[in-house]
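User: Could you take a close look at one part of this structure for me? I'd like it in plain bench language, with enough of the rest to place it.

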Amino acid sequence: RHSRFGGTFIIKDHKSISDRDQIYHKPPSKATKFSVDSGKERLNMPKNKKPLTQTTSERRSAFSVRLFLKEFCVEFLNGAYNPLMYKVRENLVRAVGQPNDETYYFWAMKFFMEFNRLYKFQVKLISETMHQQIFHFVQTQMEGWLENMIVDKKKIPAWSRRIHQALKAYQELLLTLQAMDRSPEQSVRESSRVIKSNIFYQSEYRELIIYLFNVFTETKFTRVYLKDLVETTHIFLKMLEHFCS
């Protein structure tokens, strides 16, 4: 029906809360922009309850630059990786380095181990960061940073980024173990079996993934972190299944 106020209309195929067609009191020309949320005041969410976001920017370098970086990585792995990583970890254990040095250590470990695994896999080039003590070191650092998130809540984003970097390093350790299992050398496969027997039989290593899932909240960790955590869990469970079979 029509009136001097513009009339009352119904919107077909759009049910209201009573399962009848939605009643519309505005001109039909505006019906295309109809929304049940129009006119509602948006609630302001406190900063400490907003989901944590992560902004990353990636840029593809020129071919000549990538070729130079490739040669640098090859030379670095052959001549400096093992002694440098040994010295850095020694300083970290003694607390001689600067704050946040552990993050750079985990980044370098993840990057160069991944490069070695995808380029020409040689365990001897990354042997310094491929043993049980490294698994223990990564885990203790993650647990320490998780405790710091409870104590120092103002720096939660910083602790979250450090935990995420350690998780990516832990994931690369597992992927390198998988690559060692596929090695044609018997000694390399045996070394992988020894490491896996230690991390699979000790409960502190098995329960790490479960603990990380239990403490996950959107206000402290990003969606990218959750994605990496799920992928790491998948790798860990597949390796555990293969080891037990």
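Analyst: C244 counts as exposed, at 60% relative accessibility. This is a predicted model, by the way. C73 is another story: its relative accessible area is 5%, under the 20% cut-off, so C73 is buried. A disulfide is a covalent bond between the sulfur atoms of two cysteines. The count of disulfides here is zero.

Now for helix α1, which covers residues 63-79. F68 belongs to this helix, and with a relative accessible area of 58% F68 is exposed. F68 also has nonpolar company at the surface: together with V65, L69 and F72 it makes up a patch with about 390 Å² of accessible area.

F72 is worth following further. A search of the whole structure turns up 18 aromatic pairs. One of them is F72 with F76, a stacked pair with 5.9 Å between the ring centres and 25° between the planes. Why do F72 and F76 sit about one helical turn apart? Because they are four residues apart in helix α1. The two rings differ in cover: F72 is partly exposed at 42% relative accessible area, whereas F76 is buried at 15%. For another stacked pair, take F115 and Y119, whose ring centres are 5.4 Å apart with planes at 25°. There, F115 is buried at 17% and Y119 is partly exposed at 37%.

F72 and F76 also belong to one aromatic cluster, along with Y81, W107, F111 and F112. So F72 has a place in both the surface patch and the aromatic cluster.

For a fully covered spot, go to A166 in helix α5, residues 156-181. A166 has a relative accessible area of 0%, so it is buried. Leaving out residues up to four places away in sequence, A166 touches F106, V138, M142 and W145. A166 is also 8.8 Å from K110, C-alpha to C-alpha, although 56 residues separate the two in sequence.

Stepping back to the whole chain, there are eight helices and two strands, and the two strands come before the helices along the sequence. Of the 245 residues, 35% are buried. Among contacts between residues at least 6 apart in sequence, 65% join residues at least 24 apart. The accessible surface comes to about 16800 Å², and carbon and sulfur atoms account for 54% of it.

Definitions and conventions
Residues are numbered from 1 along each chain as its sequence is written. This is a predicted model: local features need pLDDT of at least 70, side-chain atom pairs count only at pLDDT 80 or more; totals for chains, interfaces and linings use all residues. Side-chain values use heavy atoms; hydrogens and water are left out. Patches are made of residues with over 30% relative accessible area and no salt bridge: like charges are joined within 9 Å, nonpolar side chains (Val, Leu, Ile, Met, Phe, Trp, Tyr) within 5 Å. Accessible areas come from the Shrake-Rupley method with a 1.4 Å probe; for residues, only the protein chains shown count as cover. A salt bridge is a side-chain nitrogen of Lys or Arg within 4 Å of a carboxyl oxygen of Asp or Glu. Buried means under 20% relative accessible area, exposed over 50%, partly exposed in between (1.4 Å probe, protein chains only). Contact means heavy atoms within 4.5 Å. A disulfide is a pair of cysteine sulfur atoms within 2.5 Å. Rings of Phe, Tyr and Trp (its six-membered ring) pair if their centres lie within 6.5 Å; planes under 30 degrees apart count as stacked, over 60 as edge-to-face and the rest as tilted.
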